[in-house]
Amino acid sequence: MSRTPEILIMPPDEGTVGDAMLIGIMSDTHDDIVKAEKAVARFNREGVGLVLHAGDIISPFMINIFKNLNAPMTAVFGNNDGDHALLLQKAAAYPHLRIAGMFARADAGGMRIALLHGHDTQLLDTLAGCGSLDLLVHGHSHMPGIRRN
C-alpha cells in the first residue's frame, strides 16, 4: 500500500503578511481514493491557497476526488500515470485543476517553486543545485521529508 502523506507548508515571510500562503503538497496517490479524500478534506479544512501534486495520480477517475478542492491544484505526471490524454481531459473540466505535464513552475506566496515527480534523478539533482528556487517539490520515493540546501 502506498503512503500518501499530505504536507502543509507555510512559506517564510517575505516581509509582509500578504505574501504568506499555505500550500498543500501531496504525491503518489496511486488511485487510493480514501487517502486522497482525507488529503482533500484536510487541505479544505486548513484553508490552503494552493495544492501541488507531484505525480502518480494514476487513473483519470481520481480527478473526481480532486475536483472537491477549494484551492487551485497544479499537478505533474509521474512515472506510473496511465492515460495522460484522459487525465488532461478530465482535469480540464475543472478550472481550478491543472496538470502541467512533466514539470511545473509556480510563483506562490513570494516563493519560486518547481514541481516534478522525481523519477529522473539527474534532473532532480540539477534542479536542487541550481540555486534559483525557493522550494523544489517532488514525489516518487514515497518518503515525506524536507531538506534544506
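# Notebook: strands, salt bridges and a buried histidine

I began with the order of elements, which runs β-β-α-β-α-β-α-β-β-β-α-β from the N terminus on. That gives the protein four helices and eight strands. I noted at the top of the page that this is a predicted model.

**Entry 1: the whole chain.** I looked up burial next, and 43% of the 149 residues in the protein are buried. For the accessible surface I wrote down about 7700 Å². Carbon and sulfur atoms account for 53% of that surface. Then I turned to contacts between residues at least 6 apart in sequence, and 61% of these join residues at least 24 apart.

**Entry 2: strand 6.** I followed the side chains along residues 103–108 and found that they alternate. A104, A106 and A108 point to one face and are buried. F103, R105 and D107 point to the other face and are not buried. It was a nice pattern to trace by eye, residue by residue.

**Entry 3: the hairpin.** Which way does strand 6 pair with strand 7? I found the antiparallel sense, with six bridges between strand 6 and strand 7 (residues 111–116). I picked A104 as a landmark, and its bridge partner in strand 7 is L115. Two residues sit between the strands of this hairpin. I also checked the backbone at G109, which takes a positive phi near 60°.

**Entry 4: salt bridges.** How many salt bridges does the model have? I counted two.

I took R105 and D107 as my starting pair, and their closest N and O atoms are 3.5 Å apart. The side chains of D107 and R105 also make a polar contact, again listed at 3.5 Å. I compared each accessibility with the cut-offs, where exposed means over 50% and buried means under 20%. R105 has 41% relative accessibility, so I put it down as partly exposed. D107 has 62%, so I put it down as exposed.

My other pair was R112 and D134, whose side chains meet in a salt bridge at 3.2 Å, N to O. R112 lies in strand 7, whereas D134 is in the loop between helix 4 (121–128) and strand 8 (135–137), so the pair ties together parts that are 22 residues apart in sequence. R112 is partly exposed, with a relative accessible area of 35%. D134 counts as partly exposed too, at 38% relative accessibility.

**Entry 5: D107 and D134.** I wanted to place these two acidic residues relative to each other. D107 belongs to strand 6, and D134 comes 27 residues away from D107 along the chain. How far apart are the C-alpha atoms of D107 and D134? I read off 9.6 Å.

**Entry 6: H53.** I finished with a histidine in strand 3 (residues 50–53). Is H53 buried or exposed? H53 has a relative accessible area of 0%, so I marked it as buried. I then listed its contacts, leaving aside neighbours within four places in sequence. M26, S27, D28 and T29 are among them. I also noted F66, along with M73, T74, A75 and V76. L115 is in contact with H53 as well, and I had already met L115 as the bridge partner of A104. I liked closing the page on a residue that links back to the hairpin entry.

Methods
Residues are numbered from 1 along each chain as its sequence is written. This is a predicted model: local features need pLDDT of at least 70, side-chain atom pairs count only at pLDDT 80 or more; totals for chains, interfaces and linings use all residues. Side-chain values use heavy atoms; hydrogens and water are left out. Buried means under 20% relative accessible area, exposed over 50%, partly exposed in between (1.4 Å probe, protein chains only). Contact means heavy atoms within 4.5 Å. Accessible areas come from the Shrake-Rupley method with a 1.4 Å probe; for residues, only the protein chains shown count as cover. Two strands pair if DSSP finds at least two bridges between them. A salt bridge is a side-chain nitrogen of Lys or Arg within 4 Å of a carboxyl oxygen of Asp or Glu. A polar contact is a pair of N or O atoms within 3.5 Å; within protein, one must be able to donate a hydrogen and the other to accept it, and residues adjacent in sequence count only if both atoms are side-chain atoms.
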